[in-house]
Amino acid sequence: MTASTASSLAETRRQHALDRYHVLDTLPATVYDDLVTLAAALCGTPIAVVSLIDRDRQWFKARLGLDDHQTTRDTAVCDHAIRHPEDLLEVQDLSEDARFTDFPIVTGDIKARFYAGMPLVTGNGEAIGTVCVVDTQPRRLSGQQKASLRSLARVTMALLDAHRAEHDASALAALQAGTPAVVTDTADAPAFTVAIIELQGMADAVRRLGERVLERKLEGLGTDFDACVQPARGDHVGRVTGSPEYVVLLHGEQADARVDALRDAARRAGQREGLSMLVGVATALPGEAMHLAYLRAEEALSRQKDAVSERRAA
């Protein structure tokens, strides 16, 4: 395996780890806003951010002192920070560092000079973003301030882990709601397929349509997806609580036609409502537990996102 291939695979694993948190493009949350306020206060900076590094962008879960909610990834200082997951990246003067001299945050209205960012690292060692602070004057953090930034990164990661666990529990509950218990721990268990249908860019959709209008549109999508399944066979469509995501449980071995119908319904509904919907699907292996099939459907959804990103870059 070449170094380039290994790097590409590592980035794919990192990106798919981020996808598993279902936090990109979510709405603002007070607890994350409190974190950046605290980071700025502890470090004495006018700017602080919780950033997540997506395929081709840096997206801010929370921000203080910045107007934009995202930047391109190739102009994100945080993209350099995540390359060394265990280390805090401190740049005393961005304008004197060849890596960053032409970045918009340095040359534009903000005229940033100082940066310090601590990576957000999953339990498997994947760096998915940072807690960072920025100043308009060159400087350096004290030892206590560095320790505080590291602590805030750990707290942020704990919040993200809790969000992921809550999302997974809600998704599995939605998959099984209203259907008989599915036995999946024996080789002769009934066959089933899990599909995930997810709205892309929820935060942008809220800014464009308003939260109430978007919620009405999402509620209406359930009818489109219900028409694609066969309740008499035990099929079920459920909405993940607090999420722009539907999960579908399809029973039986011949699910391809129903999966195709779901994909077509997602495409048509997205076009009708001006939304982007992606679908990830996994057919359970013999004896596979439902939560494992769900994880494989998530992986399939991540690959769909990879393909969209590649087409956009082409």
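## A guided tour, starting from Lys 305

Begin by selecting Lys 305: leaving aside residues up to four places away in sequence, Lys 305 touches Asp 19, Arg 55, Glu 198, Gln 200 and Leu 278. Keep in mind as you look around that this is a predicted model. Lys 305 is found in helix 9. Is this lysine buried or exposed? Its relative accessible area is 15%, so Lys 305 counts as buried.

**Next stop: Arg 55**

Two of the residues touched by Lys 305, Asp 19 and Arg 55, are worth selecting together. Their side chains meet in a salt bridge, with N to O at 2.6 Å. Colour the chain by position and you will see that this pair links distant parts of it: Arg 55 sits in the loop between strand 1 and strand 2, while Asp 19 belongs to helix 1 (residues 3-19), 36 residues apart. Both Asp 19 and Arg 55 are buried.

Stay on Arg 55 and add Asp 306 to the selection. Here is a salt bridge whose closest N and O atoms are 2.7 Å apart. This pair also links distant parts of the chain, since Asp 306 is in helix 9 (residues 290-313), 251 residues apart from Arg 55 in its loop between strand 1 and strand 2. Asp 306 and Arg 55 are both buried.

**Another salt bridge: helix 7 to helix 8**

Now select Asp 224 and Arg 272, which form a salt bridge with the closest N and O atoms 2.8 Å apart. Asp 224 lies in helix 7 (residues 211-226) and Arg 272 in helix 8 (residues 256-273), so this pair ties together parts 48 residues apart in sequence. Arg 272 is partly exposed, at 47% relative accessibility.

To go back to the Arg 55 area, show Asp 19, Asp 25, Asp 54, Arg 55, Arg 57 and Asp 306 as sticks: salt bridges that share partners join them into one network. For the overall tally, a search of the whole structure finds 25 salt bridges.

**The open sheet**

Switch to a cartoon view for the next stop. In what order do the 6 strands of the open sheet run? The order is 3-2-1-6-5-4, with antiparallel pairing. At the edges are strand 3 (70-72) and strand 4 (89-91), each of which pairs on one side only. From one strand to the next, the twist averages 25°.

Select helix 2 (residues 30-43), which packs on this sheet and touches strand 1 (47-53), strand 2 (57-64) and strand 6 (127-135). The direction of helix 2 makes about 75° with that of strand 2. Then pick helix 5 (residues 143-176), which also packs on the sheet, touching strand 1, strand 4, strand 5 and strand 6. Its direction makes about 40° with that of strand 5.

Zoom in on the edge where strand 4 meets strand 5 (residues 114-121): the two pair in the antiparallel sense over 3 bridges. Click on Glu 90 to find its bridge partner in strand 5, Ala 116.

**Last stop: strands 7 and 10**

Finish with strand 7 (residues 192-200) and strand 10, an antiparallel pair held over 8 bridges. Select Val 194 and look across to strand 10, where Ala 282 stands opposite. How many of the 8 residues of strand 10 (residues 276-283) are buried? The count is 6, so strand 10 is largely enclosed by the rest of the structure.

Methods: Residues are numbered from 1 along each chain as its sequence is written. This is a predicted model: local features need pLDDT of at least 70, side-chain atom pairs count only at pLDDT 80 or more; totals for chains, interfaces and linings use all residues. Side-chain values use heavy atoms; hydrogens and water are left out. Two strands pair if DSSP finds at least two bridges between them. Helices (H or I, at least four residues) and strands (E, at least two) are DSSP runs, numbered from the N terminus. Axes are lines fitted to C-alpha atoms, for helices over the stretch in contact, and angles run from 0 to 180 degrees between N-to-C directions. Contact means heavy atoms within 4.5 Å. A salt bridge is a side-chain nitrogen of Lys or Arg within 4 Å of a carboxyl oxygen of Asp or Glu. Buried means under 20% relative accessible area, exposed over 50%, partly exposed in between (1.4 Å probe, protein chains only).
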